[in-house]
Amino acid sequence: MGLKPMEILLIMGALLLLFGGTRLPQLGSSLGSAIRNFKRGFSGEESAPEEKKSTPTFAEGSNGVDMKDANARSASRQG
């Protein structure tokens, strides 16, 4: 009753259309860290928080530039 390869490809294609190629790695890493934290919570481990890597958020562009700041700067130059 598992998923067939064609069904998996269809699901991955839909995800690519919905989120775009630049957002999928961010979604994957977020999902992985959420699952890892969920497992830690149930196992009762109290470890020191890992250092957070610098990854662009949804408000940032793919090159790491904050789009809010870029939009504010361009608006101030216009007039």
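Trainee: Where does Leu 3 sit relative to helix H1?
Mentor: Leu 3 is in the segment before helix H1, which covers residues 5-19. Keep in mind that we're looking at a predicted model.

Trainee: And is Leu 3 buried or exposed?
Mentor: Leu 3 counts as exposed, because its relative accessibility is 56% and the cut-off for exposed is over 50%.

Trainee: Which residues join Leu 3 in a surface patch?
Mentor: Its partners are Ile 8, Ile 11, Met 12, Leu 15, Leu 18 and Phe 19. With Leu 3 they make a nonpolar patch on the surface, and together they have about 680 Å² of accessible area.

Trainee: OK, zooming out. What secondary structure does the protein have?
Mentor: Three helices and zero strands. Reading from the N terminus, the order is α-α-α.

Trainee: How much of the protein is buried?
Mentor: Just 3% of the 79 residues count as buried. The accessible surface is about 7,200 Å², and carbon and sulfur atoms account for 62% of that.

Trainee: Back to H1. What span should H1 have, and what are its ends doing?
Mentor: H1 has 15 residues, so at 1.5 Å a residue it should span 21 Å. Its end C-alpha atoms are 21 Å apart, which agrees. Just after H1 comes Gly 20, with a positive phi of about 80°.

Trainee: What about H2, how does its span work out?
Mentor: H2 has 20 residues, so the expected span is 28 Å at 1.5 Å a residue. The end C-alpha atoms are 29 Å apart, and that agrees too. Just after H2, Gly 44 takes a positive phi of about 85°.

Trainee: New topic: how many aromatic pairs does the structure hold?
Mentor: One. Phe 38 and Phe 42 form it, in an edge-to-face arrangement, 4.8 Å centre to centre with 70° between the planes.

Trainee: Where are Phe 38 and Phe 42 in the fold?
Mentor: Both lie in helix H2, residues 24-43. They are four residues apart, about one turn of the helix.

Trainee: Are those two Phe residues, Phe 38 and Phe 42, buried or exposed?
Mentor: Phe 38 and Phe 42 are both exposed.

Trainee: Last one: where is confidence highest, and where is it lowest?
Mentor: H1 has the highest, at a mean of 92, while helix H3 (residues 67-78) has the lowest, at 58. For the protein, the mean pLDDT is 75, and 54% of the residues reach 70 or more.

Definitions and conventions
Residues numbered from 1 in each chain as written. Predicted model: local features only at pLDDT ≥ 70, side-chain atom pairs only at ≥ 80, totals over all residues. Heavy atoms only, no water. Patch = residues over 30% accessible without salt bridge, like charges linked within 9 Å, V, L, I, M, F, W, Y side chains within 5 Å. Areas by Shrake-Rupley, 256 points an atom, 1.4 Å probe, with all protein chains shown as cover. Salt bridge = Lys/Arg side-chain N within 4 Å of Asp/Glu carboxyl O. Helix = DSSP H or I, 4+ residues; strand = E, 2+ residues; numbered from the N terminus. Buried < 20%, exposed > 50% of the residue type's maximum accessible area, 1.4 Å probe, protein only. Expected span 1.5 Å × (residues − 1). Phe/Tyr/Trp six-rings, centres within 6.5 Å; stacked < 30°, edge-to-face > 60°. pLDDT = per-residue confidence, 0-100.
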